[in-house]
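I set down below what I looked up, entry by entry.

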Amino acid sequence: MTETAATHAQDQAKTAVQAAAAVVKSDDSEGMSYLESLPRRLVTLYLPLFIILIVLLFPFYWMGLTSIKPDEQLIDMENYNPFWVIHPTLKHITKLLFETEYPRWLWNTMYVAACATTLSIIASVLSAYAIVRLRFKGGDAVGVLIFFAYLVPPSILFIPLASVIQAYGLFDSPLSLILVYPTLLIPFSTWLLMGYFKTIPYELEECALIDGASRWQILIKIVIPLAVPGLISAFIFSFTLCWNEFIYALTFLQSTPNKTVPVAIVNEFVDGDIYKWGSLMAGALVGSLPLVILYAFFVEHYVSAMTGAVKE
Amino acid sequence: MTTMQTSMPAQAVYKDTRSLWERLRTNRNWLALWFMLPTAAFLILFLAYPLGLGVWMSFTDERIGRTGIFIGLENYEWLWSDSIFWLSVFNTLLYTIIASAIKFAVGLYLALLLNRHMPFKAIIRAIVLVPFIVPTVLSAIAFWWIYDAQFSIVSWSLIKLGLIDHNINFLGDPNMARASVIFANIWRGVPFVAITLLAGLQTVSPSLYEAATLDGATDWQRFRYITYPLLTPIIAVVMTFSVLFTFTDFQLVWALTRGGPVNATHLMATLSYQRGILSGRLGEGAAIATAMIPFLLAAIAISWFGMQRRKWQQGSDND
């Protein structure tokens with residue numbers, strides 16, 4: 001009985017991800033498209049889509065191309081076709097990895113993102129469970145307050161936060177970012193997880209309560225295993241947000257070795273050198289790749305996180 | 001739900017016989033307090049408190065390394081007569097309105113395209129979101145290179161096509177710089193709008209379109225009287241978020257122009273960073289940041305009414 005209920009719940013928890021998967025995976029129904037002729041489809045569908053895709057992807061092509069172009073081809077646009085590269089070189093990338101502090105910055109970014117995300121997910125699981133299932137006094141109001149916290153942008157907080165961080169003695173330390181980033185991530189993850197927890201049937205928890213389980217045991221042994229797709233979505237989206245964050249990192253971190261990739265690229269590579277572009281683009285490329293690879297593996301979870309947070 | 005509530009009075013009967021620890025451990029409200037504690041600690045210490053502190057700092061003359069004293073509205077009076085501040089307000093509004101409107105139009109168009117039947121649908125939809133995944137600053141750097149005054153690939157292509165005869169000064173001329181920054185923002189924002197609207201589009205039943213087609217509706221009529229009304233609630237939410245994030249944007253502009261040329265692309269956020277952190281006048285920077293709050297409240301109010309309307313459309317049970 002309990003087991004069938006558990007599988008049922010698992011199915012329900014999966015539906016949210018599957019709904020998102022539907023966005024990504026093709027639904028094979030042809031719909032009414034057989035009514036259209038091919039030339040018409042070419043003009044109304046493929047051509048505009050092709051143009052939009054080219055515009056969306058061109059900066060990445062350009063980024064990748066520049067990072068493997070030898071310097072003389074970069075600035076000589078008459079003798080070499082700028083859209084292609086002859087004799088590609090790894091010079092910029094090796095320079096980046098072995099002659100600058102780039103690996104250190106990459107490590108900082110990853111470290112801060114992983115710690116902040118883990119902290120936020122733990123806090124969000126607890127608060128989402130409390131709001132959805134404990135039904136305490138004022139629970140709904142707390143949910144609304146957390147939603148409003150989601151709408152407070154970093155741009156209006158960074159100045160007072162800088163003085164708070166200074167007062168706590170955390171200035172120029174990665175710990176400052178690890179503690180501040182959860183304010184961006186918790187509201188979002190809490191709302192996302194609330195949606196997932198709502199799909200888990202009460203009956204399961206009631207069975208466990210009758211069997212003498214405490215709330216803590218219920219959370220650890222029943223709710224969390226059933227909400228794994230939601231947790232992955234929240235984790236990946238939060239990780240990406242951390243990686244992308246700029247203004248706090250720019251304000252709180254001063255010394256070069258402590259910087260994160262986005263801040264370091266903007267501040268450390270920008271000198272008067274006309275040949276800076278190769279290493280700049282290599283830096284941008286290497287800084288984006290980890291996220292793109294992560295995204296490629298978890299497209300469905302990513303989409304479900306994005307659409308889920310908006311729909312809730 | 002009902003079962004849980006009927007079990008409560010039974011608990012209440014022997015509640016008094018348990019020790020204080022037992023009660024703290026099992027009472028629903030106390031338990032909720034423990035569960036909410038980490039979230040509350042983060043949000044109060046690093047969100048609510050700084051928010052209040054920011055408003056307070058805007059009434060002081062605090063500088064980096066020196067606590068300020070209360071000076072009333074002096075910062076705001078100073079800003080009121082500061083033409084650069086008003087220029088930044090104008091830029092922010094221009095940036096937000098133009099970028100959001102185009103993001104909405106292109107995003108909706110792209111969502112409608114992606115919603116149609118075609119080969120390699122899955123891969124195309126996944127690719128569309130890539131600009132949203134890549135950190136904004138890193139793609140802004142790519143745009144910076146594309147907009148380079150001497151080696152811009154756009155200028156080069158247009159010259160080769162014979163459309164212009166000299167390089168475009170993308171980030172050097174005030175109006176070109178505004179247009180360039182807005183374009184980069186649109187490029188980054190369209191995937192978000194398109195994919196979230198696509199999720200909304202997929203909840204629209206195809207049978208509605210089939211019925212309308214049988215009744216002789218044109219493409220435009222199907223969009224206007226089926227798609228658009230059913231999509232309104234999600235459009236309201238998506239656009240509120242889009243407006244909010246565009247209005248408070250910082251990193252794109254900072255990476256591309258740092259507010260230049262001649263303050264032509266300074267947004268309120270970048271001006272606040274320049275005055276508050278770089279020049280060290282924290283009080284004045286906080287005043288600029290605080291001046292953004294009324295605009296944000298307006299955006300949130302719109303979001304709120306958008307959701308109310310959704311509730312009304314779907315009936316009161318909105319789970």
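**Entry 1. Two neighbouring rings**

Is Phe147(A) buried or exposed? I worked from a predicted model, and there I found Phe147(A) at 6% relative accessibility. I therefore recorded Phe147(A) as buried, because that value falls under the 20% cut-off. I then looked up Phe148(A), which stands at 31% relative accessibility and so counts as partly exposed.

I next examined how the rings of Phe147(A) and Phe148(A) are placed, and noted an aromatic pair of the tilted kind. Their centres are 6.2 Å apart and their planes make an angle of 55 degrees. I listed this pair among the 44 aromatic pairs that the structure holds over all chains.

**Entry 2. An aromatic cluster and two charges over rings**

I asked which residues join Tyr150(A) in one aromatic cluster. I found Phe188(A), Phe237(A), Tyr295(A) and Tyr302(A) from chain A, together with Phe241(B) and Phe245(B) from chain B.

I also looked for arginines over ring faces. In chain A, I noted Arg133(A) over the face of Tyr202(A), 4.3 Å from the ring centre. In chain B, I noted Arg224(B) over the face of Tyr225(B), with 5.1 Å to the ring centre.

**Entry 3. Chain A against chain B**

I turned to the interface. The size of an interface is often given as the accessible area lost when the parts come together. For chain A and chain B, I recorded about 9900 Å² buried between them, with 77% of it on carbon and sulfur atoms. The contact involves 116 residues of chain A and 106 residues of chain B.

How many salt bridges are there between chain A and chain B? I found 1 salt bridge; in it, the side chains of Arg40(A) and Asp219(B) meet at 3.0 Å, N to O. I also entered 12 residue pairs in polar contact between the two chains, both residues at pLDDT 80 or more. On the side of chain A that touches chain B, I saw that helix 2 (residues 38-67) of chain A gives the largest share, 18 residues.

**Entry 4. Helix 14 of chain A**

Why is helix 14 (residues 261-268) of chain A described as largely enclosed by the rest of the structure? I noted that 6 of its 8 residues are buried, so the helix is largely enclosed. I listed the buried residues as Val261(A), Pro262(A), Val263(A), Ala264(A), Ile265(A) and Val266(A).

I then looked up what these buried residues pack against. In chain A, I found helix 5 (102-134), helix 12 (228-244), helix 13 (247-252) and helix 15 (276-297). In chain B, I found helix 8 (136-146) and helix 13 (251-256).

How values were computed. Residues are numbered from 1 along each chain as its sequence is written. Chains are lettered from A and ligands numbered from 1 in the order in which they are written. This is a predicted model: local features need pLDDT of at least 70, side-chain atom pairs count only at pLDDT 80 or more; totals for chains, interfaces and linings use all residues. Side-chain values use heavy atoms; hydrogens and water are left out. Rings of Phe, Tyr and Trp (its six-membered ring) pair if their centres lie within 6.5 Å; planes under 30 degrees apart count as stacked, over 60 as edge-to-face and the rest as tilted. Buried means under 20% relative accessible area, exposed over 50%, partly exposed in between (1.4 Å probe, protein chains only). A charge sits over a ring if NZ of Lys or CZ of Arg is within 6 Å of the ring centre and within 35 degrees of the ring normal. Contact means heavy atoms within 4.5 Å. Buried area is the accessible area (1.4 Å probe) that two parts lose on being put together, summed over both. A salt bridge is a side-chain nitrogen of Lys or Arg within 4 Å of a carboxyl oxygen of Asp or Glu. A polar contact is a pair of N or O atoms within 3.5 Å; within protein, one must be able to donate a hydrogen and the other to accept it, and residues adjacent in sequence count only if both atoms are side-chain atoms. Helices (H or I, at least four residues) and strands (E, at least two) are DSSP runs, numbered from the N terminus.
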